[in-house]
Amino acid sequence: MKHANGQKLSPSTAPQEVRWHSDVPPLPPQQQPPILAQLWLEWVLPPALQEPILGDLQEEFVARQQQHRRLARHWYVRQSIYTGLQFIQQTKGDLLMFMLSVLFFLAITGFGIWLCNPDNPAIFYDFPSILLVVVPAPLLAVGVTSRQIARQAISLLTQPEQAASARDYQQSLQFWRVLGNTAVLCGIVATLVGMIAIANSTNGDNVGRVLGPASAVCLLTMLYAFILKTLSYVAAEKIRYVALGSHFEQQDE
Amino acid sequence: MQDKYLGELEQMVLLAILQLQPEAYGGQIRQCLLQEAGRDISIGALYTTLERLGQKGLLTSALGEATAERGGRAKKYFHLTATGVQALQRSKQAFDRLWQGVQLPGFDETRRELSR
């Protein structure tokens, strides 16, 4: 076994902290493995195994590429998929479970909407009502906190394993709470505006024809607001759970 | 010692590491398993097995050199611990005992047909 500088090493005495060798020239871009497959592996592999696995794959890829470039690329992509699937439960299990639960909630809500009116589920869609909740709530949440905290709050959800300080967790938690509460308040305000408009335009002649459909559209804003509130609540609780885990880990150390 | 019994792939990986010493790293082990045992496993499956064997205390690892072909990334060399060698010996003895006097039905006929 040799080190990058040519020094002989035995396995037992090889350094444990060799992470990156900037003195080794990189391969030309046309000989590099598929970049998306590499990014996928970097995302899914545990940090300790990224260097050896990506190195082993690239070494064999370079050897295979000399025989058949296209087949080598196929081989690399296949290996990266199988390898990623091998580790995804270990490294991204929490994130997948979180995404799955959110998708399940949205699917159940959609199913409920469909059950209410299978012939015309579009009655639950109203673009202005979506705009009244989905646009101002995140804007106000960013206004109350900051763009950086908003990015950090999303990043802590997608990569909960990253190291973050207690302050980072607190700020991210605050972002999701403000987003959820603001969504509900925007929903209430928009619904009240709608109710006032309905009350103003309703009279004895049209009350039976207008009141029902107009109130339904008006209440859609509240529905969207509470969906956003639910998702924000789940996100905030997820951050709180990750922060607690990190706190207990630090205590154990 | 119940947890020190080895699965088939674990035995193969440990034997490949012994065959390749002192150059046993992921890519070489994978190639060795393919050429010598006909097992074409993904590098992910191999490293999962290596991690498991490491957690059982049957092998240790150390980072080695990097090359341009590896994109400047270091190799991770594996070698067996004394416990790993013992576990391998125990498995071999168990198999040797189990194989003693065993004759597979139709095995001789199949072998004769194949040799024809």
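Visitor: How much surface does chain B expose, and what share of it do carbon and sulfur atoms supply?

Guide: Accessible surface is split here by the atoms that supply it. In this predicted model, chain B exposes about 6,400 Å², and carbon and sulfur atoms supply 51% of that area. For chain A the surface is about 15,300 Å², with 64% belonging to carbon and sulfur atoms.

Visitor: Which parts of the model carry high or low confidence scores in chain B?

Guide: Begin with the chain average, then go element by element. The mean pLDDT of chain B is 88, and 93% of its residues score at least 70. Among the elements of chain B, helix 1 has the highest mean, 95, while helix 5 (residues 107–115) has the lowest, 70.

Visitor: What are the scores for chain A?

Guide: Chain A averages a pLDDT of 84, and 89% of its residues score at least 70. Over residues 1–20 of chain A the pLDDT is below 50, although this stretch has 47 contacts in the model beyond near neighbours in sequence. For the model as a whole, ipTM is 0.83 and pTM is 0.67.

Visitor: How many helices and strands does chain A have?

Guide: Count the elements, then read their order. Chain A has eight helices and zero strands, giving the pattern α-α-α-α-α-α-α-α. Chain B has five helices and two strands, and from the N terminus its order is α-α-α-β-β-α-α.

Visitor: Where do the strands of chain B sit, and how do they pair?

Guide: Look for the direction of pairing and the number of bridges. Strand 1 and strand 2 of chain B pair in the antiparallel sense over six bridges. One bridge partner of this kind is B:Lys76 in strand 2, which faces B:Leu63.

Visitor: Why is strand 1 of chain B described as largely enclosed?

Guide: Six of the eight residues of this strand (residues 59–66) are buried, so the rest of the structure largely encloses strand 1 of chain B.

Visitor: What share of each chain is buried?

Guide: In chain A, buried residues make up 37% of the 253 residues. In chain B, they make up 44% of the 116 residues.

Visitor: Which residues touch the most other members of the largest nonpolar core?

Guide: In soluble globular proteins, nonpolar side chains tend to be buried together. Here the largest nonpolar core has 38 residues, and B:Val13, B:Ile17, B:Ile29 and B:Leu50 touch the most other members. Elements of both chains give two or more residues to this core, including helix 3 (69–116) of chain A and helix 4 (82–99) of chain B. A second, separate core of 27 residues includes A:Phe98, A:Trp176, A:Val178 and A:Leu228.

Visitor: What does B:Ile29 touch?

Guide: Leaving out residues up to four places away in sequence, B:Ile29 touches several residues, among them B:Val13, B:Ile17, B:Leu50 and B:Phe78.

Visitor: What share of contacts joins residues far apart in sequence?

Guide: Take the contacts with a sequence separation of 6 or more, and ask how many span 24 or more positions. In chain A, that share is 70%. In chain B, it is 54%.

Visitor: How many disulfides are there, and are the cysteines A:Cys116 and B:Cys32 buried or exposed?

Guide: The structure holds zero disulfides over all chains. A:Cys116 counts as exposed because its relative accessibility is 59%, above the 50% cut-off. B:Cys32 is buried, at 12%, under the 20% cut-off.

How values were computed. Residues numbered from 1 in each chain as written. Chains lettered and ligands numbered in written order. Predicted model: local features only at pLDDT ≥ 70, side-chain atom pairs only at ≥ 80, totals over all residues. Heavy atoms only, no water. Helix = DSSP H or I, 4+ residues; strand = E, 2+ residues; numbered from the N terminus. Buried < 20%, exposed > 50% of the residue type's maximum accessible area, 1.4 Å probe, protein only. Contact = heavy atoms within 4.5 Å. Areas by Shrake-Rupley, 256 points an atom, 1.4 Å probe, with all protein chains shown as cover. Core = buried A, V, L, I, M, F, W, Y, C linked by side-chain atoms within 4.5 Å. Disulfide = S-S within 2.5 Å. pLDDT = per-residue confidence, 0-100. Pairing = 2+ DSSP bridges.
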